[in-house]
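This briefing introduces selected features of one protein structure for a reader new to the subject. Please keep the sequence and the model in view while reading.

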Amino acid sequence: MIFDAAKRPTRQEFSSQRLEPWKVFWFVFALAGLAIGVQLLNVRHATREAESARLLDISRYVSENLTRQLDGLNKTLTNIKRDYRDSVFSASSADSSRQLHLLTDAIQAVSGLAVYDANGTAVASDRDSDVGKDFFSQEFFTAVRRRPDPNVLYLSRPSASDDERVALHLSRAIFNTSGQFTGVVSATLDEEFFAFTVRSALFAPDMRATLVHPDGAIFVTVPKIEGRRPVNVATPGSAFVDHVVNKRKRTVFEGLVAVTGRERLLVLTSVQSPELGLDNTIVFAVSREKSAVYAPWYHQVRIYVSLYLAVLLMATALRLFERRRRRKLLQQEEVAQAALRLSASRLERALDGAQLGLWELHVDSRQLQLDARGARMLGYEESNMVRSTQEWTQTLHQDDQAVNIAAFAAHLKGDTPVYENEFRVEVKDGGYVWLFSRGKVTERAQTGAPLRVIGTFMDVSARKANEAALAEATLLQKLSGEIAQIGGWAVEVPSGVSRWTEEVYRIHDLDPVDAPDLSNALDFYTEEFKPVISAAIAKGMQDGTPWDLELQIVSAKGRLVWVRAQGAAICQGGTIVRLAGALQDITSRKQAALELQRLNAALSELSYQDALTGVGNRRLFDEALSAEWGRNARRGSMLALLMIDVDYFKRFNDHHGHLGGDECLRQVANVLRDTLRRSHERAMRYGGEEFAILLPETSVEGASLVALRILSAMAAAQIPHGASPVSPWVTLSIGVAGVMPTVDAKPSMLTRFADMALYQAKAQGRARLATYEDVEQK
């Protein structure tokens with residue numbers, strides 16, 4: 001008798017009937033937690049918005065104040081520039097310096113004022129010690145000299161001054177009445193004054209205000225960072241870089257700030273007035289500690305979380321109390337359920353152990369009887385099931401009926417010792433199961449006619465499903481190998497018999513017949529790679545070392561194919577009995593890799609070439625100058641440099657347009673390239689309309705001859721100008737300089753000398769050359 005365990009509720013069912021109110025409570029409790037979380041997020045957002053608005057107001061106030069200060073300084077520099085140009089300053093540099101000193105004392109925003117001539121020499125300064133000094137290579141001077149513009153107010157990047165303060169310069173270019181660049185007037189901003197200005201905006205002890213150059217260098221930060229130098233804030237991916245690159249007026253950012261290395265709420269504001277004509281934008285940053293901004297919110301979070309946890313603990317305690325109260329009843333129920341499960345389990349194990357259904361066929365009556373186990377296999381609940389042979393045959397799958405009838409008839413005739421067959425049978429729910437059936441005639445009449453057949457059957461649906469899955473996996477593996485162009489191979493070591501998959505035959509352009517032996521297979525490899533694969537196979541057969549190589553073969557049709565050859569030795573009882581591996585067609589990838597190498601080489605060449613003119617670019621010039629400086633220093637030979645500028649190129653652009661200007665630069669580059677005669681001499685574009693030519697192991701006299709040859713070639717080229725006051729054709733100004741390099745000196749010295757000589761050539765009327773010796777004599 002089978003015990004029906006389903007008539008009594010299980011422990012889980014019993015418990016769930018009583019725990020339904022708790023499910024409602026936990027659902028409501030979770031919703032309350034979600035609502036609290038949403039409320040706290042809203043409060044946090046409101047806190048951030050309010051603090052951001054305060055910081056934006058402060059930023060706007062400081063920006064307006066700084067703009068007024070810069071506007072005043074701009075007017076002062078403009079007046080000094082006009083006075084210097086109109087000779088209002090006294091002829092004595094000492095008188096001019098005293099006037100600048102008085103201006104410095106009167107203007108709180110500056111710590112120094114100075115006027116420099118076109119060569120970078122201080123001709124007047126509020127600091128007497130600076131008069132006569134050379135400031136040619138200083139960044140604030142070179143920025144103006146390279147592209148002097150009367151409408152631009154130049155802002156230098158912060159740099160260390162002589163008194164170890166941070167120096168920031170505002171500068172304007174000075175031009176004479178004929179429009180020729182004659183010098184620079186510069187104001188050094190007072191760090192303490194601007195620190196006081198931004199400090200006035202701080203309303204909390206955790207606040208910090210900073211003035212930053214667009215390149216990330218810090219000019220002023222309040223309060224000062226003690227114990228370490230200020231960092232450059234232009235780190236990749238930072239809010240500062242995003243603010244500057246996208247030219248935003250204001251940016252609000254919350255996160256890690258580079259200046260302090262802490263999480264802060266930060267507002268960035270670009271300080272620039274269109275009327276000033278600044279070439280760079282000053283960025284004002286004001287921030288607060290994130291922990292200080294959200295301190296009230298953190299307090300509210302702690303209160304809410306504490307209350308929520310308190311309710312959670314109380315609910316948990318009540319639930320535990322209820323569970324203890326019902327424990328005895330549940331334990332009694334568990335004992336009863338365990339007894340039912342044990343009885344049912346024993347019965348199921350007895351029935352499942354055989355995994356067989358029993359059938360009996362009465363041939364005369366054509367009746368087939370199945371026992372209870374067999375009936376259940378087919379989905380029926382009868383203890384015994386009787387069907388006619390016709391009914392039984394109709395339940396078989398249509399594709400299996402003829403085969404089953406033939407197998408059964410052969411056994412009844414005595415052609416086979418037993419009946420044995422696999423077929424599909426329709427079950428009660430309309431589906432099919434696979435059965436494996438075996439049977440034998442157990443009783444015959446005196447005439448030999450069969451009277452009774454007894455047999456068994458078992459459900460083999462799982463095995464048939466596995467066989468189908470295996471067949472599908474085998475097909476998938478074959479298709480995958482064809483798609484990935486990977487095939488397998490094996491070689492029996494004692495016999496030398498080889499086995500290849502279809503893909504290996506395809507790679508070799510061979511028909512899938514008997515695989516070549518090992519020696520013939522190696523003949524497909526090119527002469528370059530045959531020793532490589534032979535050595536790898538010998539090593540594998542000797543000590544079992546696997547190999548993974550990229551080689552080239554010649555197929556049976558003469559195709560050159562790149563393959564990835566992999567192999568390993570298989571051992572049995574410590575002896576290598578087989579070599580096996582894989583072969584993959586990698587021709588496409590290999591050709592792509594070779595093409596990529598070629599493209600990378602071409603790209604490397606282009607990185608040193610100016611895209612417009614085709615000559616070397618500034619990167620090539622810097623690297624060539626450094627290399628030649630060291631080489632000529634070791635040899636003790638002269639190194640010369642020509643700095644070349646196209647005369648009145650701005651007027652040429654205005655007259656012919658920028659496309660015409662680009663064509664002019666290309667023609668000039670061609671003239672320079674064609675004029676050079678030595679293989680290590682190379683024309684390079686220094687920047688804009690400036691070109692440079694390095695002349696290793698060349699004296700100033702030799703370099704001057706090259707410069708004269710260039711001037712002559714330009715005159716012969718006769719490139720129409722149309723707007724030049726010195727010639728109807730495009731002309732060049734060339735500065736010539738030469739030095740004897742030393743290990744202690746810097747290569748930039750040669751660039752400076754050639755630049756000064758170029759300026760001298762322009763000052764003398766252009767369309768000529770000038771040497772640095774001419775500049776020194778004057």
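In this predicted model, Arg 438 stands opposite Thr 456 in β18. The points below begin with the strands around this pair and then turn to the helices.

**The strand pair**
- Strand β17 covers residues 432–444 and strand β18 covers residues 450–459.
- These two strands run antiparallel and are joined by nine bridges.
- In general, the strands of a sheet pair through backbone hydrogen bonds, in either a parallel or an antiparallel manner.

**The sheet**
- An open sheet of six strands follows the order β15-β14-β13-β18-β17-β16, and its pairing is antiparallel.
- Its edge strands are β15 (385–388) and β16 (419–426), each of which pairs on one side only.
- From one strand to the next, the twist averages 25 degrees.

**A helix on the sheet**
- Helix α10, formed by residues 398–412, packs on the sheet and touches β13 (357–362), β16, β17 and β18.
- The direction of α10 makes about 150 degrees with that of β16.

**A pair of packed helices**
- Helix α17 (residues 649–675) packs with helix α18 (residues 700–717) at an angle of about 130 degrees, and their axes are 10 Å apart.
- Because of this angle, α17 is oblique to α18.
- The crossing in which α17 passes α18 is right-handed.
- From α17, Val 668, Val 671, Leu 672 and Thr 675 meet Arg 709, Ile 710, Ala 713, Met 714 and Ala 717 of α18.
- The residues of this contact between α17 and α18 comprise seven nonpolar, one polar and one charged.

How values were computed
Residues numbered from 1 in each chain as written. Predicted model: local features only at pLDDT ≥ 70, side-chain atom pairs only at ≥ 80, totals over all residues. Heavy atoms only, no water. Axes fitted to C-alpha atoms, helices over the stretch in contact; angles between N-to-C directions. Helix = DSSP H or I, 4+ residues; strand = E, 2+ residues; numbered from the N terminus. Parallel < 35°, antiparallel > 145°, perpendicular 65-115°, else oblique. Left-handed = near helix turned anticlockwise from the far one by under 90°. Contact = heavy atoms within 4.5 Å. Nonpolar A, V, L, I, M, F, W, Y, C, P; charged D, E, K, R; others polar. Pairing = 2+ DSSP bridges.
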